[in-house]
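Grab a pencil and work through the exercises below with the model open beside you. Each task is followed by a solution in small steps.

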Amino acid sequence: MVINDTQLDLVFGALSDATRRSMLARLSEHDMNITTLAEPYGISQPAISRHVRVLEEAGLIERRKKGREYIIHANPVPAEKARDWIDYYTRFWKQQFDAVEEHLKKDEDNT
């Protein structure tokens, strides 16, 4: 498992906000421009731009210029790496708890 701690911090930070998670969910369905992305949210354009910037810095979205506007699409790779990190530590801690349980059973059998 190889993941940069700084990148992991950015991904988890970006995903910590419900608006950004909602934006990613919408972008996972199809690419859109920032105006379309902003439609369901009752927040200012600067606030939308800040959310988009956080997602972009985390690598969770990418922009490409099409004519005079930017088209935004989701990039699943950073989220997949974060999932892999979570999976690794889930397995690690499960093994640790299993070892403790086994140790306690042995102790119980010896009494």
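**Exercise 1: Place S16**

S16 sits in the loop between α1 and α2. Before going on, note that this is a predicted model, where local features need pLDDT of at least 70, side-chain atom pairs count only at pLDDT 80 or more, and totals for chains, interfaces and linings use all residues. Residues are numbered from 1 along each chain as its sequence is written, and side-chain values use heavy atoms, with hydrogens and water left out.

Task: decide whether S16 is buried or exposed.

Solution. Start with the cut-offs: buried is under 20% relative accessible area, exposed is over 50%, and partly exposed is in between (1.4 Å probe, protein chains only). S16 has 56% relative accessibility, so S16 counts as exposed. For a sense of distance, the C-alpha atoms of S16 and E108 are 43 Å apart, with these positions 92 residues apart along the chain.

**Exercise 2: Describe the chain**

Task: list the elements in order, then work out how spread out the chain is.

Solution. Count first: there are five helices and three strands (DSSP runs numbered from the N terminus, H or I of at least four residues for helices, E of at least two for strands). Reading from the N terminus, the order is α-α-β-α-α-β-β-α. Next, the radius of gyration (over C-alpha atoms) is compared with the globule rule, 2.2 Å times the number of residues to the power 0.38. The chain comes to 20 Å, well over the 13 Å from the rule for 111 residues, so it is more spread out than a compact globule. Its C-alpha atoms fill a box of roughly 75 × 30 × 25 Å along the principal axes.

**Exercise 3: Pack α1 on α5**

Task: find how α1 is oriented to α5 and which residues meet.

Solution. Helix α1 (residues 5-15) and helix α5 (residues 77-109) pack at about 105°, axes 10 Å apart. Axes are lines fitted to C-alpha atoms, for helices over the stretch in contact, and angles run from 0 to 180 degrees between N-to-C directions. That makes the pair roughly perpendicular, a label covering 65 to 115 degrees (under 35 is roughly parallel, over 145 roughly antiparallel, the rest oblique). On the α1 side you'll find Q7, L8, V11 and F12, and across from them P78, A82, W85 and I86 of α5.

**Exercise 4: Look around L37**

Task: which residues does L37 contact beyond its neighbours within four places in sequence?

Solution. Contact means heavy atoms within 4.5 Å. With those neighbours set aside, L37 touches M23, R26, L27, M32, V52 and I72.
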